Amino acid sequence: MTGWTADKPTTPAPGLLITQQHATKYSTLNAFTVADAQVVYAGQASTTSAWSSLRVLLTSPSGGNITETQTQATTVWAAVGLQPAQTSATTVSVSVRGADERTISSTQTALNEPTSFNVDSLLSRTDGWMIAHRGGSADWPEMSLRAYSESASRNVPALEFSFNLTSDGVPVGVHNKNLQAVDPSAPSTRVSQMAWAEVRRYTTMGEPFIRLDDLQAAYGDDRVLFIDPKHSGAAHQTYLPWLDPERTILKFSGDATWLADIWRKAGFRTWGYVYEEHIISGEAATWAPHWDLLGVPWQASESAWQTATGYGVPLIGHICNSQQALDTCISHGAIGAMCAKIDGMAVS
């Protein structure tokens, strides 16, 4: 391992690239990336006090340039060169300790060749797959960098992110119109009427809020992002230029066929979610041709699943909170499932 240095090092290939970062509560994490690298530990910044954090990436044999994100954080670097294992994959224990020397987290990470997914490779899979709903909201604080890192470390190929635009145009990971569902101390003010600087004073169940570009910096190069613009859906001229059609599937309520048409014309694949009553009423049949994928609730009746299968559009089950729910979706012919529960789950 090289010594810590303020100079950005030449990327080892393969190897670990590590930063120590320090800043005030007003600065974001330097969520640096390297093409085809695997995030071993994502790191995180505090919005309530001065903070220090590690960030660790495993770079691929081909190496690559380091791309940093804009921040005022002080960053020092270190590199660990690694030789490929001759037999089975190497496993390392990654532990993070706070200033009081107590372990904050400890995980076992396999140093495999990083796996990368894009929309085409995901949709061509025939073995079934999971999408981490809000990062895995049944296991970790929803839409936090911690949640997405935990899901990615379990090799979940797709991550769902719902955003609202703040008053100064920042796409922040918030599902509802205000923050109170994830932080009761927050005001009832709509996110659209709050500036990003105000939003970040609060937390999503104790973890910092993240922006769309934070998620893209961490996982936009190796995971498919299911993006739901929530209450900002009509602002497509604002958010579409931020997204990569090769790694993004856009999500919205199935009745918003006008929005699906705009998205598809812009080159994106789309997912519209419906409920059993829409299938029974026949509404879903009229909406389905506007979407590339259609969502069916995992607990829908056998007849509803059969009817939806007849639309000729690939189906995704939603929202699974147990192994039974996931198994039910796959048994009905869904190509994948949106899962709030991630830890311990597997497609059988």
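## Exercises on a predicted model

Helix α4, which spans residues 212-219, is mostly covered, with six of its eight residues buried. The model is a predicted one, and the exercises below start from this helix.

**Exercise 1. Determine which residues of α4 are buried and which core receives a contribution from the helix.**

Step 1. A residue counts as buried when its relative accessible area is under 20%. In α4, Leu212, Asp214, Leu215, Ala217, Ala218 and Tyr219 are buried.

Step 2. The largest nonpolar core has 70 residues, and Phe161 and Tyr219 touch the most other members. Helix α4 supplies the largest share of this core, namely five residues.

Step 3. Leaving out residues up to four places away in sequence, the contacts of Tyr219 are Val39, Ala42, Leu145, Tyr148, Ser149, Ala152, Leu159 and Leu225.

Step 4. Another core, of 14 residues, lies apart from the largest one; Val119, Leu122, Ile249 and Trp271 are among its members.

**Exercise 2. Locate Val182, state whether it is buried or exposed, and list its contacts beyond four places in sequence.**

Step 1. Val182 belongs to the loop between β11 (171-173) and α3 (196-199).

Step 2. The relative accessibility of Val182 is 10%. The cut-off for buried is under 20%, and Val182 therefore counts as buried.

Step 3. With neighbours within four places in sequence set aside, Val182 contacts Glu142, Thr203, Thr204, Met205 and Phe209.

Step 4. Val182 and Tyr202 are 20 residues apart along the chain, and their C-alpha atoms are separated by 9.0 Å.

**Exercise 3. Trace the pairing of strand β18 and give the handedness of the units that contain it.**

Step 1. Strand β18 (residues 315-320) is mostly covered, since five of its six residues are buried.

Step 2. On one side of the analysis stands β17 (residues 293-297), which runs parallel to β18 and is joined to it by four bridges. Leu294 has Leu315 of β18 as its bridge partner. From β17 the chain passes through helix α9 (residues 302-309) to β18, in a right-handed β-α-β crossover.

Step 3. Strand β19 also runs parallel to β18, and three bridges join the two. Here Gly317 has Ala337 of β19 as its bridge partner. A right-handed β-α-β unit is formed by β18, helix α10 (residues 323-331) and β19.

**Exercise 4. Examine the salt bridges Asp343 to Arg154 and Asp228 to Lys251, and state which parts of the chain each one ties together.**

Step 1. Side chains of opposite charge can pair when their charged atoms come close. The cut-off applied to the nitrogen and oxygen atoms is within 4 Å, and the count by this rule is 15 salt bridges.

Step 2. Between Asp343 and Arg154, the closest N and O atoms are 3.0 Å apart. Asp343 lies in the segment after β19 (336-339) and Arg154 in the loop between α2 (145-153) and β10 (158-165), so this pair ties together parts 189 residues apart in sequence. Asp343 is partly exposed at 36% relative accessibility, and Arg154 is likewise partly exposed, at 35%.

Step 3. Between Asp228 and Lys251, the corresponding separation is 3.7 Å. Asp228 lies in β14 (residues 224-228) and Lys251 in β15 (residues 248-253), so the pair ties together parts 23 residues apart in sequence. Asp228 is buried, with a relative accessible area of 1%, and Lys251 is buried at 6%.

Step 4. Through shared partners, salt bridges join Glu160, Asp228, Lys230 and Lys251 into one network.

How values were computed. Residues numbered from 1 in each chain as written. Predicted model: local features only at pLDDT ≥ 70, side-chain atom pairs only at ≥ 80, totals over all residues. Heavy atoms only, no water. Salt bridge = Lys/Arg side-chain N within 4 Å of Asp/Glu carboxyl O. Buried < 20%, exposed > 50% of the residue type's maximum accessible area, 1.4 Å probe, protein only. Core = buried A, V, L, I, M, F, W, Y, C linked by side-chain atoms within 4.5 Å. Contact = heavy atoms within 4.5 Å. Pairing = 2+ DSSP bridges. Right-handed = clockwise from strand over helix to strand, strands pointing away.
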